[in-house]
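User: Could you take a close look at one part of this model for me? I would like to see how a single residue fits into its strand, and then how that strand fits into everything around it.

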Amino acid sequence: MSLRRRIDTLGPPLLAAAAIAVLVAPAIAGSPRARMHGPATIRAASGPMALSACRPEPRPAARAEAVLVGAAWYRLDPVLDDAGGLDGQRLVVGRVGRRGAFELPLGVESFASGPAGGRILVGNDNGRRSTLRILDVGKRCASVVHEGPDLIRRAVFDPSGYGIVEFRLDRSSRADLGVWSRPLDGTNPRRLLEPLAPNSRIGSVFATELSWSADGQRLVVKSCGETFCLARILDRSSGRVMTVDDHRVGEAIGLVGDELVAYGGCPWLPCEIVAMNLKTGRVRDLAPMAGLAAVHVTDAGAVVVFEDFELRGSLRVVGLDGMALRTLPLETGLRLVPASDRALAGIELPAGVIALAAGSRPSRSLVPATFVNIADGRRVPAAEVVR
Amino acid sequence: MTTRVAFRRAAAAIVAASLALQSVSLVVAHSPDPPISWPLFEADDVLQFRWKEGEVPPLKMRDAVVAAAADAAASVASRAPTIAYASGGASTVEYGPNVFCGVNGLACADGWHAPDHFHVAFRTHGHQFDWGRLWWCQLQSTITNGCYDVENVALDEFGHVLGLGHHVNYGDESDYLDAVVQTFSRARPKAGWNADKYGRCDVAKLQLRYDMVNSARKYSTCLDLATALSLAASDTSIRIGDTVTFTATVKVADSAGYERLRANAVSERKVVLERRLPGSVSWTTVATMPASTLASGTYQINVSPTVSYEWRGYFLKPADEGLRASSSAPFVVTVSGCASQPCPQISVESTQQEAER
């Protein structure tokens, strides 16, 4: 089952959680400092408008995989004060081919992940408490799934559909408190991963990012220092944790089966892309010089799509065996939209489809932006799919 | 990471090779910085940058970035390009979250489009990392410990633009100050937090990649370049009283690993002329050879020997640069008879100064 299909099953448990959660109050034209503590206010082109509480309802029918129009997207943008300092973030949310993108003001310590099943997981911390909310993009409603004193730095949907996985820090010392699983049924969270031990190779941890393997069975916890990264991989069925701390393996891009796809040891792009077999430890090259890259699962199997430094203006598609499958043109001004942690943005794409966008992030207009079917290179400019 | 130029296969091949070298960590600690993976800009080029529209850094950051560009120009000690602000510059410096920086790092550089243009991006003041918030010293109303110096970090990023990878330090980082381009930046007040000129191991790699400005400039002490000294005589069979002109030529050794420095002429250093009796072991210094105007890296002296000697040139290792000593192959100048009576003693005639004995 694909990750996206699993996410579609999020409906019932999330909606159940929504029923017990603190719901979002009616809109107020809040100042930016309100930032999703208490009532949430969204802002549309016409001005502030309400982000209503989600109401329990039967699980909506899953969208057909091939449907792109209406797919949710988001991006996080900084909000600066008069002196140019970061004063918060602005979450911009929309749907492909649909008008009416809206914004939510967030604090400095905030994040978003997804979209999955048309929903975006939004975290926000006000310095005293962290709040997790699920936004249903299509319904323009939000459900608070957690609010408490723990500092939740990152969180992603659990593809099982029954919970959230979150990374926590100690609020005062910012020490790593590990990765936790939070069921949506209100039961207590449990720790999945211990805090990362100090590591001289990566130094102080700048960023910890969570993602799932393509089959949703393994959690990838990426920890990056100022320059280098390591990855811990938790097998949810066995509970076994594997740490990939290898100078040949840099920032993780994706995990398919036992193959961890990552940039090589270089701390900048272009960089080689490698695949490490988690069973054998063997590392092999998939691409010599890549820019932005993403792992996708297609009907023909898993592939890596990357900006090809050697064939400028092109994307290259290779299988996990390193076999070159095809080259796709990359129009001037467009770049591949990578995974959400790198893009600070996300689009819920049908399987086998990649997104290209100016600045490699979806924007309010989604123009210029292009969606490309990996299998045949067919392109569908977003502007042409507006309904 | 971001911008990048028209593809050139040859350049990419070179880059790929350097990347391969780097990725297997062949770089020895305290050696010149490793290369970065994108193509080089042209030597002596002027890389003009502008502030990216919509992502313009705050004024104090802009001032610090411009200062860093001047720092770079003043300290590259090579033919590395000059970086300078110009409102219409092809390259950009930006401020804010940017995808090409990835999830970590204080700032990032992108030379994908070298040799056309580059991008540098700085995280926002107050960006939240796992370890805490990023504060740029220049943007603080009261500078606090733990802040990062924009000028220093910009110098690091410009170093990347120019082709430098992160310096490989000793395990105890005792050589940290030998490079600005570092894997781990230092916050105030740790030593090096506000270094405002390239360190000797940054300079060493810039010299290797872009060449020296001229043959008289000093090679970084982070280098350890072999030199080759050749010595020629105007005549190797003379009569007493005749004058022989010895010409020494000093070059950096012709080694592929020396990149653009290979076979460079080495001027305005100290080269001495030595002699010994055939069959003896020790050498005696006859004179320092003055620089010649014949060509770069040449030194010349006139000598009137009265006895047959073996002669060689000796290039003394300079105390303040990364060149090794070298000596020429010895050869004999045979002296016979006298052209006049009484036979003159050995004499040295300098073309520029009185020679040392």
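Analyst: Glu272(A) sits in strand 21 of chain A. Please keep in mind that this is a predicted model. Is Glu272(A) buried or exposed? Glu272(A) is classed as buried because it has 23 C-beta neighbours inside 10 Å, where 20 or more are needed. One reference point for its place in the fold is Gly250(A): the two residues are 22 apart along the chain, and their C-alpha atoms are 9.6 Å from each other.

From the residue we can step out to its strand. Strand 21 of chain A runs antiparallel to strand 22 of chain A, and five bridges hold the pair together. In one of the facing positions, Ala275(A) is opposite Arg284(A) of strand 22. Both strands belong to an open sheet of seven, with antiparallel pairing and the order 19-20-21-22-23-24-25 in chain A. Its edges are formed by strand 19 (252–256) and strand 25 (324–329) of chain A, each of which has a pairing partner on one side only. Ignoring direction, neighbouring strands of the sheet are turned by 35° against each other on average.

Ile273(A) leads us into the nonpolar interior. The largest nonpolar core counts 203 residues, and Ile273(A) is among those with the most contacts inside it, together with Leu121(A), Ile253(A), Val304(A), Val305(A) and Ile354(A). Strand 22 of chain A supplies the largest share of this core, eight residues. The core also takes in chain B, with at least three residues from each of domain 1 (9–210) and domain 2 (227–349) of that chain. Val304(A) gives a good view of the packing: beyond its neighbours within four places in sequence, Val304(A) is in contact with Ile273(A), and also with Val261(A), Leu286(A), Ala287(A), Ala293(A), Val295(A) and Val318(A).

Strand 21 also has a part in the chain contact. Between the two chains, 47 residues of chain A are in contact with 39 residues of chain B. On the chain A side, the elements that give two or more residues are strand 4 (72–80), strand 15 (207–212), strand 21 (271–277), strand 22 (283–298) and helix 3 (340–343). That side of chain A is made up of 22 nonpolar, 13 polar and twelve charged residues.

Now across to the partner. Chain B contains four helices and 15 strands, and 48% of its 357 residues are buried. Among contacts in chain B with a separation of 6 or more, 69% are between residues 24 or more positions apart. The chain is divided into domain 1 (9–210) and domain 2 (227–349), and the contact between them takes five residues from each. On the domain 1 side, these are three nonpolar, one polar and one charged.

Chain B has an open sheet that makes a nice counterpoint. Five strands in the order 2-1-3-5-4 form this sheet, with mixed pairing. Strand 2 (82–85) and strand 4 (107–110) of chain B are the edge strands, and the twist averages 20° from one strand to the next. Strand 5 (residues 119–122) of chain B pairs in the parallel sense with strand 3 (residues 91–95) over four bridges. Here Val93(B) has Val120(B) as its bridge partner, while Glu94(B) is partnered with Ala121(B). To strand 4 of chain B, strand 5 is joined by four bridges in an antiparallel arrangement, with Ala107(B) opposite Phe122(B).

What covers the two faces of strand 5 of chain B can be followed residue by residue. In a regular strand, side chains alternate between the two faces of the sheet. His119(B) and Ala121(B) on one side of strand 5, and Val120(B) and Phe122(B) on the other, are all buried. Two helices lie across strands of this sheet. Helix 2 (residues 59–75) of chain B lies across strand 1 (46–51), strand 2, strand 3 and strand 5, at about 155° to strand 2 of chain B. Helix 3 (residues 150–161) of chain B lies across strand 2, strand 4 and strand 5, at about 20° to strand 4 of chain B.

To return to where we began: Glu272(A) is a buried residue in strand 21 of chain A, and that strand gives two or more residues to the side of chain A that touches chain B.

How values were computed: Residues numbered from 1 in each chain as written. Chains lettered and ligands numbered in written order. Predicted model: local features only at pLDDT ≥ 70, side-chain atom pairs only at ≥ 80, totals over all residues. Contact = placed C-beta atoms within 7 Å. Nonpolar A, V, L, I, M, F, W, Y, C, P; charged D, E, K, R; others polar. Pairing = 2+ DSSP bridges. Axes fitted to C-alpha atoms, helices over the stretch in contact; angles between N-to-C directions. Domains from an automatic or database assignment. Core = buried A, V, L, I, M, F, W, Y, C linked by C-beta atoms within 7 Å. Buried ≥ 20, exposed ≤ 12 C-beta atoms within 10 Å, placed from the backbone.
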